[in-house]
Amino acid sequence: MPDYTLPRYDKPRDWIKESRNHGVEWDKIMMGRKKDDAELEQFLLYQEDTNFWPSLSTKEWKTIVLLQKAAEENSKNISFKKGFALIHNSFEVNEVTVPEDQFSSWQLYKKKLLLDGFKEETVDEIESTSLKILKRLNNDTTVSGPVKGLVIGNVQSGKTANMAALMAMAADWGWNMFIVLSGTIENLRIQTQNRLFSDLNQQGTIFWRSLEHLSKSVDISQRAQSLHFDLASKERYFTVCLKNSSRLSKLIQWAQADPHKQKQMKILVIDDEADQASINTANVDTEEQKKINKLICALVNGKNEKNEEIDTMYQAMNYIGYTATPYANVLNESKEESLYPRNFITTLSVSKEYFGPQQIFGYDGESNDTYFEGMNIVRTIESDELYEIKEIHDGNLYTAPESLIDAVCWFLCGVACMRIWKYKKPVSMLVHTSQKTDHHSMIAEVISDWLEKTDRNLIISRIRKVWERETSEFTLATFREQYPSYDRPDSLINDYPKFDKILEQIEIILKDGISHIKLGDDGELTYHKGIHLCIDNCTNNGINNEGMHVRLAYPETGKMPSPAPAFIVVGGATLSRGLTIEGLMSTFFLRSVGQADTLMQMGRWFGYRKNYELLPRIWVTRKTQLQFEFLAALDQELRDEIQYMDVNGRSPAEYGPKVKNSPKLSFIRITAKNKMQSATDSTMDYSGASNQTYLFDCDSDILNANIELTEEFLSNLGPIWKKSGKESYNTNAVVWKNIPFDSIRTFIEQFRFQQRLRVFNDTKPLLDWIQKMTTAQKLGNWNVVVAGKSDSNNGTWTLPNGEKINKIKRTRKIPKEEEQSILNIGVLRDPRDVLADIDLDEISTPELKTEITEYISSGESKGAMAYRDKAGMETIPQLLIYRVDKNSVVSREGSTRQNLDAPVDLIGLCLYIPGGRIGTSYASTISIKLKNDVFDGDADMEGTDEN
């Protein structure tokens, strides 16, 4: 067969792509949009003569079409693998494609990203994401009304690049006015304005103009009357506007000053940090609105600054909120004129170089196939030290607690490493113990006193001890095991040097000592080789009485001193948003926070740690660690929910994404109460749930009882539907179909679960809900699958009917001292085992059968549950059963896991409850549904919780 990937076949492939971009179905493309093979043959001859296509037979043409279709489906699978998803109103799709002109705004920005060091794969993802978002926008909303969407990114993940990419691509396709809504701090607004202009202002076919502080009385050169919004114009305009009622009012007045120009404006509003200030915190059940929210709604809905209807309409109005913490955006209100993202919700893919909450704090995967071990870089601030810190805050104690000294010692080691590695940017430590500004000075003083007044030999001895402990507990091998998907080779990861190598640098740091940033004779800030102690709060603006700059101020780009300057930053409220901590490697974080979105935004340690992957360490209280573990699940499960909705065609206008909730408000609240007013408790909505057992009691009586119960249950199921070896992706599985729920319920009620499993510690609410849905005929009878490995290296399990299933291997996480009697295997299920009960012969259409067959053969596991539903099993629950070999051993030397060493084999269960028919939902309202999961957190010191 010819190689149809060669350039000579580009024109036929381009025709196919263009047809797909215009929404043409595959069966029509297969026939060249003709009615039979004779007309198709004439079509191919015409293309050969007129458009210089290669000579193609009808068979060759159909082969090329099939290859392109497979490539498109593979692209969908890759999107799942990379974590990208988009849920939307399916009828709203425009015809945009990636701009190909080398002088287009997008291609020039793409080139800049590559020159700035972005990996080609990352740039391709930005391109793909921008195109998918752009295809959901509308450049003529005069009939449809404004488009409203939401983009969910990650804390400290560089979302500005994605925003700029979307602006560039939209500019190429005719959008001509871009409004970026910034936060509430002017210097951060200026940074964003300058950054976007630098990124977009390239010599090409589009001419970018940056507009500042727009109002009716602005300089004549910036008035709307003086600008060119007509179709022939190649000028594109953008402004970055603070979320300030005065600025927003003036912006609206500017945009509506000239009705003729207003009619030509094709506007894209990008709301940065859309969960901050933009949310309506007034009573959403009344007509009352907070002023900033009211003004943004007026802008987006085409009203004037008084929220009154006007005669003139913008040519296009598109609103996109960007945030890493979207909980308020989907829980606040869903009125027609609100900012609820009724048109689409998008998740940006997470780079495999990103350190997020799942990678750092772990995610157990009980209700998901995603699993993260968690990184051994989190250290505990003990409860007795909380009292010491309170005494420091009160002025009654002047010595640093042991954990704070350890954090400072590790920071000194890290600075020395970075200087040996010739790192050329600032290196930082973050200390956050309180929101009160006077407390910051107290903490800064005890750090300074320890470094200045402690005997030098004692400091060196303590640093050596911390170095030896930390470098043995978290090694390169440990890092690889706990973050196996990290996308950089070992050769590019700096391993720890010997202590004697860093000692020389440590002595240089100690010799120069610790101080605030000095002011030079020329009035410029000067930096030394020691530690710069910065107290970052609003009481330290400017220069103090000693001529020192106290607040954080990194050297300007182009004026970076050598070696890398070191900073210890003590602060509070500035951590919430906006403050970027450069080269962060040591964090001492004590203050407990009452709201999930605030706590997530305070995670300054999330982000990229390129070239110093082994150095980050975090000291937190046990409660804060538990809160971040909860946040890791909250974040992951919302992203998975959106991916599931994407595959199954659910629109955010029809179905509000479910957000995991903690019912114990003293532990943590999702967001401020007045930001989640439309939230509806959904404790009785388990649709789409997939819960698996990953904790087991190390008790032979319990484990033996579960084996006996399971074998008795299987013996009563009747004839099997599929034996091991029948055509399927899994050649070692036995399947029973059409099992009544009563049998399943009795089995689950008698099974003995480990009591710390959140869903299984009280199965009655789950089972009652399933019974209710079964009675209502929204759920059918069950399929039961006993699944095993393709090989028998771990022995076999002979089922009561004589079938043999290979046992699976699972090792255990290293237990904490208080958890020795619990076997924690992390994750039980192979995600693809949910496909074992698919009958390909019963799939409704050939196209769908091809799609699912290709998905199964791809080896991909992301989205397996959604594809099972698409295969016609959207109302059929599934019970998966595994037998785990008690003698499972760790296969890799130096692993952070242990041999299972169980007294008896484990029986593991996974319950999958489908999410409803495609395009429908069990939910009766657009309001978000909150899952109540039991979570017990211990308390931090009194007075540190925020309400």
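In what order do the 5 strands of the open sheet run? The views below take you through this predicted model, starting with that sheet.

**View 1. An open sheet with mixed pairing.** Reading across the sheet, the strand order is 23-33-31-26-25. Strand 23 (690–692) and strand 25 (733–739) are the edge strands, and each of them pairs on one side only. From one strand to the next, the twist averages 15 degrees.

**View 2. Strand 23 beside strand 33.** Here you can follow one edge of the sheet, where strand 23 (690–692) pairs on one side only. Its partner is strand 33 (residues 906–912); the two run antiparallel and are joined by 3 bridges. Look for Ser690, which stands opposite Tyr912 in strand 33.

**View 3. Helix 22 across the sheet strands.** Helix 22 covers residues 700–715 and lies across strand 25, strand 26 (782–787), strand 31 (878–884) and strand 33. Relative to strand 31, this helix runs at about 130 degrees.

**View 4. Helix 26 across the sheet strands.** Helix 26, made of residues 864–873, lies across strands 23, 25, 26, 31 and 33. With strand 33, helix 26 makes an angle of about 60 degrees.

**View 5. The sheet in its whole-chain setting.** Stepping back, the protein chain has 26 helices and 34 strands. Of its 947 residues, 58% count as buried. Among contacts with a separation of 6 or more, 78% come from residues 24 or more positions apart. The chain exposes about 39300 Å², with carbon and sulfur atoms supplying 47% of that area.

How values were computed:
Residues are numbered from 1 along each chain as its sequence is written. This is a predicted model: local features need pLDDT of at least 70, side-chain atom pairs count only at pLDDT 80 or more; totals for chains, interfaces and linings use all residues. Side-chain values use heavy atoms; hydrogens and water are left out. Two strands pair if DSSP finds at least two bridges between them. Helices (H or I, at least four residues) and strands (E, at least two) are DSSP runs, numbered from the N terminus. Axes are lines fitted to C-alpha atoms, for helices over the stretch in contact, and angles run from 0 to 180 degrees between N-to-C directions. Contact means heavy atoms within 4.5 Å. Buried means under 20% relative accessible area, exposed over 50%, partly exposed in between (1.4 Å probe, protein chains only). Accessible areas come from the Shrake-Rupley method with a 1.4 Å probe; for residues, only the protein chains shown count as cover.
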